[in-house]
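Hi,

Here is the structure I said I would pass on to you. Have a look at it first, and my notes on what turned up follow below.

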Amino acid sequence: MNQHRSVRTTIAPALLTVTALVALSACGTSEADSGSGATVTVRIPDPGNSGVLAVGKKDGSLDKALGKVGAEVEWTGSAGPFAPAAQAMNADQLDFATGSITSGITSLAQRPGFKFFTAVDPDAAGEGILVRDGSDIRSVADLVGKKVAVNQGGTGEYLLLKALAKAGIPADRVQRVYLRPDQTAAVFNAGKVDAWAVWATYAVAEIGSGKAHFVADGAAIGSDNYSLNAVRTGFAEKHPEIVKALYGYLHTSSVKEKKDPAAYLNVFTDVGPTAVTGKAEEVQTDFIARGGTVDPIGPEDIARFEAVAAFYAEQKVTKTEVDVAAHLLDIEKLT
């Protein structure tokens with residue numbers, strides 16, 4: 001399910017070029033959009049202690065790469081769920097963010113001011129339905145009558161609904177408990193919910209503790225939950241060369257990360273709450289090694305994005321089927 005695509009060939013016609021982008025009506029002009037010839041600031045959420053952006057922040061390699069096209073990074077806020085990041089891009093407070101196609105679709109159902117420009121294959125190993133060791137839940141069918149924690153409209157809700165649909169179980173036979181992912185671990189470990197539909201960011205610590213496991217992972221569920229990078233529409237319109245340079249950095253770095261995952265963990269510190277240690281470090285390293293890399297969006301990806309959008313409409317997560325293709329950039333056509 002999650003084999004790395006060695007080549008992405010032709011891009012579907014539905015992908016937009018920068019000249020086809022619709023300009024946002026700006027409430028003001030940010031430094032990033034000044035067009036004055038000065039260094040352009042790219043506002044990116046602080047990456048924390050792991051990943052390619054954390055390494056880029058620490059060693060200056062990201063600023064060096066962007067400096068070649070007259071840009072520099074301003075780290076603002078912190079990386080987290082995509083929904084608030086999408087709102088920040090819509091409000092001209094952020095230029096770039098990472099999220100999943102699932103949370104992306106619910107954000108696109110609003111009035112989006114962003115475009116997706118890269119894709120990472122669904123995480124077959126690192127996301128799924130998590131249960132505590134010793135639980136009597138041994139299959140998706142055992143979730144009937146149980147409480148499952150999910151983040152509303154995002155990856156968690158998608159994974160649960162997709163797992164139930166594949167098993168032929170009506171969604172209303174399982175109780176969805178809507179919780180923010182950063183608040184769920186305590187509820188899950190206290191036994192107040194029976195399972196947790198979750199992705200690697202939060203699953204690693206639970207599996208690494210030796211007290212939880214996936215009853216079904218992304219591969220078993222048949223997940224189409226891609227990870228995507230988004231850019232504010234107004235920024236992409238004015239600075240396509242910067243978006244292309246950012247893509248190049250992310251792609252090259254993600255290939256390196258897949259080959260040497262450990263080098264991208266505990267970037268700033270190996271102690272404290274942001275550090276990944278012990279068994280959790282082994283779990284995280286394995287997930288990264290088995291994951292995908294940052295690539296352009298190809299026609300095969302768009303078909304799977306559209307399948308998620310159709311599924312969300314069918315499950316009434318969204319009121320209508322979102323036109324994902326209208327909000328994609330062809331990174332290979334940016335100049």
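Strand 5 and strand 8 run antiparallel and pair over three bridges, with I129 standing opposite A197 of strand 8. Before you go further, bear in mind that this is a predicted model. Strand 5 covers residues 128–132, and four of its five residues are buried. Strand 9 is also a partner of strand 5: five bridges join the two, again in the antiparallel sense. In that pairing, V131 sits opposite H213 in strand 9.

These strands belong to an open sheet of five, in the order 7-6-8-5-9, with mixed pairing. Strand 7 (175–178) and strand 9 (212–217) are at the edges with a single partner strand each, so one side of each has no neighbour in the sheet. On average, neighbouring strands here are turned by 30 degrees against each other, ignoring direction. As a reminder, strands of a sheet pair through backbone hydrogen bonds, and they can do so either parallel or antiparallel. You get a parallel example between strand 6 and strand 8, which pair over two bridges. There, A149 is the residue opposite W196 of strand 8.

That pair leads on to one of the cavities. A search of the whole structure turned up two cavities of 30 Å³ or more, and the second largest holds about 30 Å³ of space. Which residues line the second largest cavity? They are A149, V150, N151, L179, P181, T184, W196, A197 and W199. Strand 6 (147–150) and strand 8 (195–198) each give at least two residues to this lining. By class, the lining has seven nonpolar residues, two polar ones and no charged ones.

Now for the other sheet. It is open as well, with three strands in the order 3-10-4 and antiparallel pairing. Strand 3 and strand 4 (114–120) stand at its edges, each with a single partner strand, so each has one side without a neighbour in the sheet. Neighbouring strands of this sheet are turned by 30 degrees against each other on average, direction ignored. Helix 4 (residues 101–108) packs on the sheet and touches strand 3, strand 4 and strand 10. The direction of helix 4 makes about 110 degrees with that of strand 3.

If you want to trace the pairings, strand 4 and strand 10 (residues 227–232) are antiparallel over six bridges, and F114 has R232 of strand 10 as its bridge partner. Strand 3 and strand 10 are joined by five bridges and run antiparallel; A97 is partnered there by A230 of strand 10. Is strand 3 largely enclosed or open? Four of its five residues are buried, so strand 3 is largely enclosed by the rest of the structure.

The largest cavity has about 40 Å³ of space. Its lining is made up of V42, D95, F96, V231, F235, I242, V243 and L246. Helix 10 (residues 240–259) provides the largest share of that lining, with three residues. Seven of the lining residues are nonpolar, one is charged and none is polar.

Helix 10 comes up again with helix 1 (residues 52–59). The buried residues of helix 1 are V52, L53, A54, V55 and G56. What do those buried residues pack against? Their partners are strand 1 (40–46), helix 2 (61–67), strand 2 (71–78), strand 3 (96–100) and helix 10. Right after helix 1 comes G60, with a positive phi near 80 degrees.

One last stop is A275, in the loop between helix 10 and helix 11 (278–290). Why does A275 count as buried? Its relative accessibility is 15%, and buried means under 20%. Apart from its neighbours within four places in sequence, A275 is in contact with N49, N266, T269 and D270. N49 is worth finding on your screen: A275 and N49 are 226 residues apart along the chain, yet their C-alpha atoms are separated by 7.0 Å.

Cheers

Key. Residues numbered from 1 in each chain as written. Predicted model: local features only at pLDDT ≥ 70, side-chain atom pairs only at ≥ 80, totals over all residues. Heavy atoms only, no water. 1 Å grid on protein atoms, 1.4 Å probe; cavity = no way out; pocket = protein on both sides within 12 Å on 5 of 7 lines; lining within 4 Å. Points joined across faces, edges and corners; volume = space filled by probe spheres on them. Nonpolar A, V, L, I, M, F, W, Y, C, P; charged D, E, K, R; others polar. Buried < 20%, exposed > 50% of the residue type's maximum accessible area, 1.4 Å probe, protein only. Contact = heavy atoms within 4.5 Å. Pairing = 2+ DSSP bridges. Axes fitted to C-alpha atoms, helices over the stretch in contact; angles between N-to-C directions.
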